[in-house]
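Biologist: Please take a close look at one part of this model, the largest pocket. I would like the whole chain as context before the lining.

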Amino acid sequence: MIGDEKAVHPAWLAPEAFRPLGSRRVLVHGDGPLVDTVLTEVTLACARFGGRVRRSAYPPPPEGDPEPTGAVDVVLALRWAGPLPEPAARAVAALHERGGGIGDEGFLLTRVDEVTVLLAGGPAGLLYGLFHLVRLGAAAYSPDLATQRHRPGLRRRMLNHWDNVSCHPVMGQVERGYAGGSIFWRHGAARRDLARVRAYARLLAAAGINAISVNNVNVGPVEARLLTDHLGDVAEIADTLRPYGIRLHLSVSFAAPVTLGGLATADPLDEKVRAWWATTTRQVYERIPDFGGYVVKADSEGQPGPFTYGRSHADGANLLAEALAPLGGVVHWRAFVYNHHQDWRDRSTDRARAAYDHFAPLDGDFRTNVILQVKYGPIDFQAREPVSPVITAMPATRLAVEFQVTQEYTGQQRHVCYLGPHWSEILRFHPWGPDGGTVAEIAAGTATPGPTGYTDPSRSGLGHGGGMVAVANVGDDQFWCGHPLAQANLYAYGRLAWDPGLEPRTVLDEWIDLTFPPGSTADPDLVRETLHEIMGDSWHTYERYTAPLGVGFMVDPDGHYGPNVDGYEYSRWGTYHHADRDGVGVDRTRATGTGYTGQYPYPWSEVYESVERCPDELLLFFHHVPYAHVLHNGSTVIQHIYDTHFAGFEQVETMRRRWRRLRGTIDAPVFTRVAERLDEQLRSAREWRDQINTYFYRKSGVPDERGRRIY
C-alpha cells in the first residue's frame with residue numbers, strides 16, 4: 001500500500017504493525033457495534049498473518065452449558081459482557097490489585113497462564129485496548145509483560161476541522177489546510193465515497209481521539225445549512241465515524257435563526273430564538289442520536305454573536321447549551337475574541353489581554369454543558385507564546401485547551417516541526433507554581449489549587465473538565481498531512497490528549513515503529529536513528545530561524561508563510577514587535593506597559609513582570625529591551641538573533657543531509673516527498689535567516705561579532 005503512488009498512506013496503521021497480533025490465536029468476548037469493529041480488525045489481521053480468531057457465543061450459553069473451547073494466545077474481553085472466559089475472569093483479580101477502576105474507555109492488560117488478557121471497562125475501552133496491543137507489538141505477548149491499567153487522562157479528545165463545504169475564494173476547501181482538499185466535502189456537497197473518512201476514523205481511534213467537528217468555525221452561508229437542509233449529509237458522515245467511537249460535532253452560525261429560520265433577530269434572550277434552537281437541535285438528534293454538540297466562533301473576526309444585541313458571551317453560549325442539555329450535547333464556545341480593527345498607533349490596546357478581559361468576568365455564568373475553548377496562548381498559535389492566563393482565571397467554568405495541529409505558523413507542513421515537545425511543555429506547565437495543578441489537570445477538571453489558585457474547594461474544577469481540542473491537519477493528499485512526517489503531529493496530539501504525562505520522545509518512538517515497522521524497512525535502526533535526529537528537536541530548530549524570543553508574527557500577512565518582519569507592524573490585527581533603533585519587544589508590564597502581566601496568578605505575574613526574571617524565550621513577548629540587553633545565557637539580544645538564525649539554517653541543512661541516508665531504505669514515494677519538502681524548508685530557512693538578520697542589523701547598527709555575512 002505504501003509503495004503505490006496512488007494509494008492512501010496507512011500512516012500509523014501500517015499492515016505490518018499488526019503482525020504480532022495477527023499471527024496468534026485470539027478470542028474476542030463481548031457484543032455491540034464497537035466490539036464488532038474490534039472483531040473485524042482482528043479478523044483482517046489474522047487473515048493476513050496466519051492467526052485464528054473466534055468470538056464468544058452470543059447470547060451467552062445457559063448456565064451449566066459449556067462455552068466453546070480451544071487454545072488461545074490472546075483474550076480481548078469486555079468486562080460486563082456475560083460470564084468471562086477463564087483467563088479474563090482471573091484478570092479481574094489483577095484489576096483489583098492495581099486499585100481503582102478503568103472506566104468505560106479504559107482497559108487492563110495482563111498475562112494469565114501464558115495468555116495475554118485485555119480486559120476492557122466498556123466497548124470503547126476494548127477498541128482502544130486493541131490498538132494498544134498493536135502499539136506494543138511483540139512485547140504484548142512476552143512472559144515478562146507487567147500488568148498495566150490504562151484510562152484516558154482527559155474525557156474529551158477532540159479535533160476541529162476547518163473544512164469548507166464550498167471552496168472559499170481565498171481560503172480554499174480547507175482554511176489553513178496544507179494537505180489538499182477536504183476528506184468530507186467537495187464542490188459544495190458531501191463526498192459520496194466515504195471510504196477515506198472511515199480510514200480516518202480508524203486512525204483517530206488508534207491515537208485515542210473520540211470527537212471531531214467537520215466544518216469550519218468561520219461558518220459560511222453554505223456551511224450554515226448543514227444544520228438544516230443538508231443534515232442528511234452530516235448524518236452519513238456520523239454513521240461512518242461511529243464504528244470507531246468518534247462523535248460528530250458541527251460548527252454553527254450564531255445568526256442561524258435569522259439566516260436559516262427567517263426570524264428578525266438572533267437575540268439569545270428572545271423566546272422565539274430559544275424555541276428555534278430547541279426545535280432545530282431536536283431535529284439534529286433525531287437524525288444523529290449520538291450527536292456531540294455545537295462549536296461556535298462568535299463576535300470574532302467578523303462572525304456574528306451576542307454583542308449585536310447587547311448580550312454577553314455567557315448569554316450566547318447558554319442559549320445553545322439550553323437546547324443541547326436535554327439531549328446530552330455540549331457547546332464548545334471559542335474564547336478567541338479580540339478587536340481585529342486595532343489602531344497600531346495606540347500602544348495601550350493589547351490583543352494578548354482580550355480573551356481574559358472578555359471572559360474572566362463571566363466565570364460562573366456559563367451552564368455546565370458549556371465548554372469554553374481557550375487557545376493555549378493569548379495570541380494565535382505562534383511557535384512560542386506564554387500559556388494563556390484565561391486557563392487559570394475561570395475555576396467555575398469548564399475549559400478546553402485548544403492547540404493547532406495544522407502548522408499554520410510552524411511551517412505549514414512544508415517544514416519538519418514535531419510539536420509533541422511544545423504541547424507537552426504547555427500541558428505540564430504549573431500556572432500557580434510548583435505546588436499547584438498543571439494545565440493538563442485544569443483541562444481534566446482535576447487541578448489542585450496553588451497558594452493563590454482555586455481557593456474555593458467547591459469551585460476547584462468541576463470534576464469533568466473540557467478536555468483538549470485541536471485544529472486538524474489532514475486533507476485528501478496521499479499522505480494525509482501533505483508532509484509524511486507531519487503525520488507524527490496528529491498522532492502525538494491524540495496520544496497526549498489520552499495521557500498528557502507521556503514523554504514526547506516515547507510518543508515519537510511509537511509513531512516511528514507503527515509507521516515504519518521493522519519488517520517493512522531495510523534498516524530499522526537507521527530509520528529510527530535518522531527520524532529522531534531530524535524530528536526530535538525540530539520545533540526548536542523552527543523557532544531558531546523564525547521570530548526570536550517569543551515576539552512572534554513576523555510572517556507574510558496573506559499566507560502566514562515565510563518572513564515579512566513588518567508585515568503586521570502597521571496593521572489592524574494587533575500583532576506587533578515594536579522594533580526601533582534602540583530595541584525590540586512589546587512592553588506588557590503593569591509598571592510601564594499594557595498591564596497584561598497582571599492577568600497571571602502569582603508567581604508568574606511577578607516573573608513575567610521582571611525583565612531580570614522573565615525566561616529568555618519569552619522576553620520580547622513581555623518586554624521592550626535594548627539590543628545590548630544581556631540574556632541569561634550571556635548573549636546579547638542582537639547577538640542571540642544572529643546566532644540562532646544562522647544555527648537554525650545550518651540545522652535544516654543537517655536534516656536534509658541525514659534524510660538522504662534513507663534512500664533505498666524506505667518506500668520511494670515517502671522518501672521523495674520528504675526530500676522535496678526538506679528542499680523547500682532549506683530555501684525558506686535561508687530567507688528567514690537573511691531577512692531577520694538583515695532587518696535587525698539595519699535597525700540596530702550592531703554588527704555580528706563573528707563576522708558572518710549579513711546583507
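**The chain and its largest pocket**

Modeller: Among contacts (heavy atoms within 4.5 Å) in the protein chain with a separation of 6 or more, 70% join residues 24 or more positions apart. The model is predicted, so local features need pLDDT of at least 70 and side-chain atom pairs pLDDT 80 or more, while totals for chains, interfaces and linings use all residues. Numbering runs from 1 along each chain as its sequence is written, and side-chain values use heavy atoms, without hydrogens or water.

The protein chain has 22 helices and 20 strands (DSSP runs, H or I of at least four residues and E of at least two, numbered from the N terminus). Its C-alpha trace spans about 85 × 65 × 55 Å along the principal axes. Of its 711 residues, 63% are buried (under 20% relative accessible area, 1.4 Å probe, protein chains only).

The largest pocket (an open set of 1 Å grid points where a 1.4 Å probe fits, with protein on both sides within 12 Å along at least five of seven lines) holds about 660 Å³ of space, counted as the volume filled by probe spheres set on the points. It is lined by 35 residues (an atom within 4 Å of a point), and Met171, Glu175, Arg176, Asn218 and Glu301 are the closest to its centre. By class, the lining has 14 nonpolar, ten polar and eleven charged residues, with Asp, Glu, Lys and Arg as charged and Gly among the polar.

Two elements, β8 (163-168) and α6 (221-224), each give at least two residues to this lining. The largest share, four residues, is that of β8.

Definitions and conventions. Buried means under 20% relative accessible area, exposed over 50%, partly exposed in between (1.4 Å probe, protein chains only).
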